[in-house]
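The following exercises concern the pairing of strands in one sheet and the arrangement of the chain around it. Please study the sequence and the structure before working through the solutions.

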Amino acid sequence: MPYFIRHNYRFIGRLILLLLLLAIYQFSTAQQVVKGYFMFPINPGQKNFLSANMGELRPNHFHAGIDVKTGFSTGLPVYAAQDGYISRVRISSYGYGNTLYITHPNGLVTVYAHLDHFNPVIKSYALNFQYQNQTFEMDEYVPANLIKIKKGEIIGKSGNSGSSGGPHLHFEIRDSLENVLNPLSFGFSEIRDNLAPIIQKIAVRPLSIDSRVQQEYALKEWIAQKKSDGTYQIPGVIEASGSIGIELKVTDRMNETSNLYGVNCIELFVNGEEIFYHNIESFSFDESKYINVHIDYAHLVSSRQRLERCYVADGNRLSTYKKIKNRGRLTISPGETKQIEIRVYDAYGNKSILKCIIKGVEANKDHIYSSSTLSSGSTVDENVLRMACKAEPDEKATLYLKGKSLVLAPAYRIQLMNVYLYDLRKGLPDSVQCFNYKEAFNFVATIPPGRNVTVEHKTLTLSFADTTLFDTLYLQVKTDVIAQNHEIFEICSPATPVFGKISVRYCPQDKATETEKCYIYSVNDNSSHKFEGGEWNEDNILYDIKYLGKFAIRRDTIPPQIKTKKILPTRIEFSAFDSQSGIKSFRAELNGKWLLMNYDHKTARLWSETKIPGEKIQGTLTLEVIDKSLNTTTVTVTIP
Ligand SMILES: [Zn+2]
């Protein structure tokens with residue numbers, strides 16, 4: 001048998017195996033979603049309401065479960081959804097707070113987060129661990145069947161622990177591979193929803209340098225209008241040319257509550273053909289960060305609104321897209337008309353439809369009428385550098401690239417402003433000049449995604465891992481800036497999302513900078529600061545940043561404040577607060593022995609808990625609180 005045939009057989013064999021595995025996986029996932037298998041974990045059998053559903057768009061992630069309202073109070077019994085055993089116990093002042101995981105006989109895991117407290121058996125397991133390891137925070141995988149649980153057994157009481165914005169129960173269902181499944185597909189009669197999603201806006205984005213939307217190279221939005229038959233429309237026609245992508249602002253409602261939720265599924269049809277399908281019914285935690293390319297991140301940063309893309313952005317590897325044609329993008333030529341139909345579904349199959357028409361028009365280089373206001377300056381959008389400035393019609397701009405110059409004609413004109421477009425793949429320009437407008441761009445390098453790249457620029461060294469970037473990054477770096485007596489460095493704009501971390505090494509320009517208690521802080525637009533961290537290595541501070549933008553080196557010498565709040569026979573309560581870098585750690589001792597302090601960062605409260613419940617506290621209690629800049633405050637209380 002010729003080699004290539006054998007080779008092909010092997011290939012076909014592998015393909016069949018792969019398809020078989022895929023079929024088994026899909027079958028098993030489908031089989032696992034059995035309606036009625038789980039009981040509702042809170043107020044079972046009664047009407048319940050959600051404050052959030054699965055897949056909702058959150059900062060850097062999709063919401064992984066449902067948030068069940070608990071009537072603004074804590075302390076409601078939380079029931080095990082099915083027989084099983086406690087497989088993981090987590091306690092933290094942040095994130096999920098007090099959380100229990102139950103593994104069930106079918107391999108699925110249910111998760112109950114933000115609990116106020118655990119039932120006595122689980123509590124005693126947690127207390128033992130905390131005292132043995134002298135830690136408040138814990139995240140422990142519990143051996144199988146050590147703590148067996150019956151369906152309907154109370155595992156704890158609902159609360160508001162962790163980074164919870166109000167009392168509720170966060171409930172998740174995961175498969176054995178840690179993919180989250182939509183709890184609402186398990187058919188809980190406690191939640192009713194026969195209301196269709198609300199389509200609020202449609203937006204269209206040009207996706208190449210010669211694309212235009214309403215004659216501009218800019219994202220344009222339209223408010224959706226609801227017609228009497230319940231469908232949505234965009235009055236008039238949308239004018240565009242070239243490669244474009246459609247984006248959507250959409251939300252969902254449920255019966256008898258005013259809360260707004262995320263939608264489950266979005267489909268896009270162009271002239272009757274489906275080109276995009278997204279369904280957030282199941283996803284893995286590893287891919288949750290792709291939300292930053294699923295949504296229009298630049299629009300989120302500029303307007304605080306989340307538009308969901310109905311096309312697949314570069315570097316987006318979410319597994320929730322199907323039936324994708326041309327990555328959901330459409331190309332429109334002058335004279336062409338495209339009938340757009342968008343269907344949006346919630347988890348209960350309630351559907352809303354939006355229809356609109358996109359008309360292909362010739363790009364107009366002359367003065368265009370637009371209500372948009374442009375400010376002078378540049379933005380980087382995909383591979384395109386867009387520069388706008390006040391100038392005479394037809395006035396040309398000069399780009400300077402490494403000693404060469406390039407003359408650019410205006411791409412179009414709005415009111416008194418000319419807009420110039422330049423494809424950054426042709427080389428990174430140093431600066432631009434046009435009439436009174438001058439700008440230096442501070443481009444340093446072009447960083448491709450999927451590679452390990454280190455860039456040194458003056459006092460800053462940046463290392464990109466192969467997992468750092470979604471897409472090509474046109475790296476702009478600004479150093480040597482002093483603001484409010486702090487050294488600042490700037491890396492691109494916060495409007496560009498990154499998937500992974502960038503390792504930063506910064507050497508302060510001011511060699512007199514004492515490294516002690518100096519760390520990296522991120523700087524917001526309104527020049528507020530947030531502690532990031534860092535580690536000094538001689539003259540350099542090292543830190544992994546998770547987003548782009550402005551950073552400052554700041555010193556914090558102010559120690560935390562501690563106040564004694566309550567002295568009760570079995571419980572001592574403090575408040576602890578740090579104004580600059582925030583609280584890093586705390587430690588209490590009672591007569592020289594470690595004492596558990598519970599911590600809630602939202603209320604700044606710390607309270608003691610003895611190993612034996614109800615044990616009296618007597619003697620000398622010292623509490624030491626350390627902030628992230630390593631300033632320490634210690635208080636001592638004597639309890640008679
Ligand atoms: Zn939640």
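**Exercise 1.** State how many bridges join E40 to E43, and name the partner of Ser 463 in E43.

*Solution.* In this predicted model, E40 and E43 run antiparallel and are joined by five bridges. Within this pairing, Ser 463 has Ser 503 of E43 as its bridge partner.

**Exercise 2.** Follow the pairing outwards from E40 to E39 and from E43 to E47.

*Solution.* Step 1: strand E40, residues 460-464, pairs with E39 over five bridges in the antiparallel sense. Here Glu 456 is matched with Thr 461 of E40. Step 2: E43 and strand E47 (residues 540-545) also run antiparallel, joined by five bridges. Val 504 has Tyr 543 in E47 as its bridge partner.

**Exercise 3.** Give the strand order of the sheet and explain why one side of E39 and of E46 is left without a neighbour.

*Solution.* Step 1: the order is E39-E40-E43-E47-E46, an open sheet of five strands with antiparallel pairing. Step 2: strand E39 (453-457) and strand E46 (535-537) stand at the edges and have a single partner strand each, so one side of each lacks a neighbour in the sheet. Step 3: on average, neighbouring strands are turned by 20° against each other, direction ignored.

**Exercise 4.** Which side chains of strand E43 (residues 502-506) are buried?

*Solution.* Step 1: in a regular strand, side chains alternate between the two faces of the sheet. Step 2: in E43, Ile 502, Val 504 and Tyr 506 point to one face and are buried. Step 3: Ser 503 and Arg 505 point to the other face and are not buried.

Terms used:
Residues are numbered from 1 along each chain as its sequence is written. This is a predicted model: local features need pLDDT of at least 70, side-chain atom pairs count only at pLDDT 80 or more; totals for chains, interfaces and linings use all residues. Two strands pair if DSSP finds at least two bridges between them. Helices (H or I, at least four residues) and strands (E, at least two) are DSSP runs, numbered from the N terminus. Axes are lines fitted to C-alpha atoms, for helices over the stretch in contact, and angles run from 0 to 180 degrees between N-to-C directions. A residue is buried if 20 or more other C-beta atoms lie within 10 Å of its own, exposed if 12 or fewer, and partly exposed in between; C-beta atoms are placed from the backbone.
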